[in-house]
Every structure is written in structure tokens, then in C-alpha cells.
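This report looks at salt bridges and at enclosed space in one protein model. Please keep the sequence and the structure in view while reading.

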Amino acid sequence: MSDLADIKAAARKGAFAARRAAHEAAGPGEAGHLSQVLAGHRGVPLSGYMPIRTEIDPVPAMEEAAAHGPVCVPVIQEAGLPLKFSRWEPGCRLKEGPFGAMIPEVDDFIEPEILIVPLVAFDRSGGRLGYGGGFYDRTLEMLRAKRPTLAIGFAYAAQQVEALPLEPTDQPLDMVVTEAGVIGFGGG
């Protein structure tokens with residue numbers, strides 16, 4: 001394992017603990033600011049995610065967005081490949097996908113222009129620490145090569161760190177939305 005990989009692993013360990021504590025203390029309405037941000041992009045194809053473990057839950061904002069345009073969730077095809085996105089609607093039948101995230105039972109792939117991105121930690125410059133598989137980095141790189149694509153990190157405020165160990169392949173976030181507010185980074 002490289003030094004950077006070791007540093008990232010240590011950063012993930014601390015960030016998971018902060019996220020778990022924030023999740024345990026969380027109350028209702030955590031997606032309120034996310035709903036406000038998405039209201040400015042009604043009708044634009046949007047990817048959310050079905051939360052796993054202690055991830056903050058974007059589903060209430062996804063449900064609101066689905067009333068105005070297409071919403072999808074990520075589907076992992078296999079290691080090393082970008083994500084695909086299957087259309088999701090409130091109440092649709094789901095099945096368990098890789099890593100325990102629920103995905104639509106029937107594949108109906110679309111390409112989003114806005115991605116709500118789960119994360120382990122973020123910093124004030126738009127850096128994101130994920131789970132280490134590189135799925136969102138590959139996907140954002142691919143989508144951004146085709147058209148402007150907005151990457152919105154969604155996290156608890158407690159997941160913010162001073163700085164992250166980043167690599168040239170890490171794709172920046174355009175903003176992070178937390179239960180406490182919106183942090184913009186420009187771009188997108």
C-alpha cells in the first residue's frame with residue numbers, strides 16, 4: 001500500500017467516526033437545504049442515492065425532485081468502470097445492489113446532469129473523500145467530458161475536515177449541502 005493510500009485509510013477511519021456520531025444525533029429535516037438547491041434545477045436529470053450505513057438520507061429531496069423531472073440512482077456494473085444510473089421513482093420496486101445499496105428492480109438507464117454524491121469527508125476547497133473505489137471520480141470525469149455536470153456532495157456538517165489527501169484523478173465537488181447549509185466552491 002502506498003503512503004497516500006495509508007493516509008487516505010486513516011482519514012476515512014476518523015471521518016467514519018464523525019459521520020456515525022452525526023448520524024446518531026440527527027433529527028428530521030436533514031434534506032431541507034438539498035431540496036432548496038434542487039428546486040433551482042427542476043426538470044434536469046438528477047442522480048441521488050439510496051443511503052447505506054450512516055450516510056445522510058437524500059430520499060426526501062429526491063422524492064420532491066421526481067415530481068418535476070427524471071431521478072435515477074447509481075448502479076455499480078463492476079470494479080474499475082464508471083457508474084450507470086437507473087431511473088428511480090418514489091415507491092418503485094427495489095432490489096439489493098452491490099455494497100448493500102438498493103437499486104431499482106428494473107433497469108432503465110438514463111444519464112444525469114446533476115449528481116448528489118455521498119461521501120465520507122469533504123474539505124472547503126471541494127475535495128471529497130469517498131469509499132476508495134473511484135466510482136464517482138471515473139463517472140464525473142466521463143460525464144464532464146460530455147457536458148457540464150454538477151456534483152453536489154451531501155453530508156453532515158461534521159464530515160468537514162481541514163484538508164484531504166487528494167490525487168489528480170479525484171473529481172472536485174461544485175458544492176456541499178449539509179443539514180446546516182450550503183457550501184459553494186464555484187465551477188459546475
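Glu111 is partly exposed, with a relative accessible area of 30%, where buried means under 20% relative accessible area, exposed over 50%, and partly exposed in between, computed with a 1.4 Å probe on protein chains only. The model is a predicted one, in which local features need pLDDT of at least 70 and side-chain atom pairs count only at pLDDT 80 or more, while totals for chains, interfaces and linings use all residues. Residues are numbered from 1 along each chain as its sequence is written, and side-chain values use heavy atoms, with hydrogens and water left out.

Seven salt bridges are counted, a salt bridge being a side-chain nitrogen of Lys or Arg within 4 Å of a carboxyl oxygen of Asp or Glu. Three of the pairs are set out below.

| Pair | Closest N to O | Separation along the chain |
|---|---|---|
| Lys146 and Glu111 | 2.8 Å | 35 residues |
| Asp174 and Arg144 | 3.1 Å | 30 residues |
| Asp108 and Arg87 | 3.0 Å | 21 residues |

The salt bridge between Lys146 and Glu111 links distant parts of the chain, since Lys146 belongs to helix 4 (residues 135-146) and Glu111 to the loop between strand 5 and strand 6. Helices (H or I, at least four residues) and strands (E, at least two) are DSSP runs, numbered from the N terminus.

Helix 4 also holds Arg144, whose partner Asp174 is in the loop between strand 9 (150-154) and strand 10 (175-177). Asp174 is buried at 8% relative accessibility, whereas Arg144 is partly exposed at 24%. Elsewhere, salt bridges that share partners join Lys8, Glu167 and Asp170 into one network.

Asp108 and Arg87 also meet in a salt bridge through their side chains. Asp108 is in the loop between strand 5 (102-104) and strand 6 (114-117), and Arg87 is in strand 3 (residues 84-88). Asp108 is partly exposed at 36%, and Arg87 is partly exposed at 30%.

The remaining topic is enclosed space. One cavity of 30 Å³ or more is counted, a cavity being a set of points, on a 1 Å grid over the protein atoms alone, where a 1.4 Å probe fits but cannot get out, and lining residues having an atom within 4 Å of a point. The largest cavity holds about 80 Å³ of space, with grid points joined across faces, edges and corners and the volume taken as the space filled by probe spheres set on the points. Its lining includes Leu38, His41, Arg42, Val71 and Ile114. The lining divides into seven nonpolar, four polar and one charged residue, where Ala, Val, Leu, Ile, Met, Phe, Trp, Tyr, Cys and Pro count as nonpolar, Asp, Glu, Lys and Arg as charged, and the others, Gly among them, as polar.

How values were computed. On a 1 Å grid over the protein atoms alone, a cavity is a set of points where a 1.4 Å probe fits but cannot get out, and a pocket is an open set with protein on both sides within 12 Å along at least five of seven lines; lining residues have an atom within 4 Å of a point.
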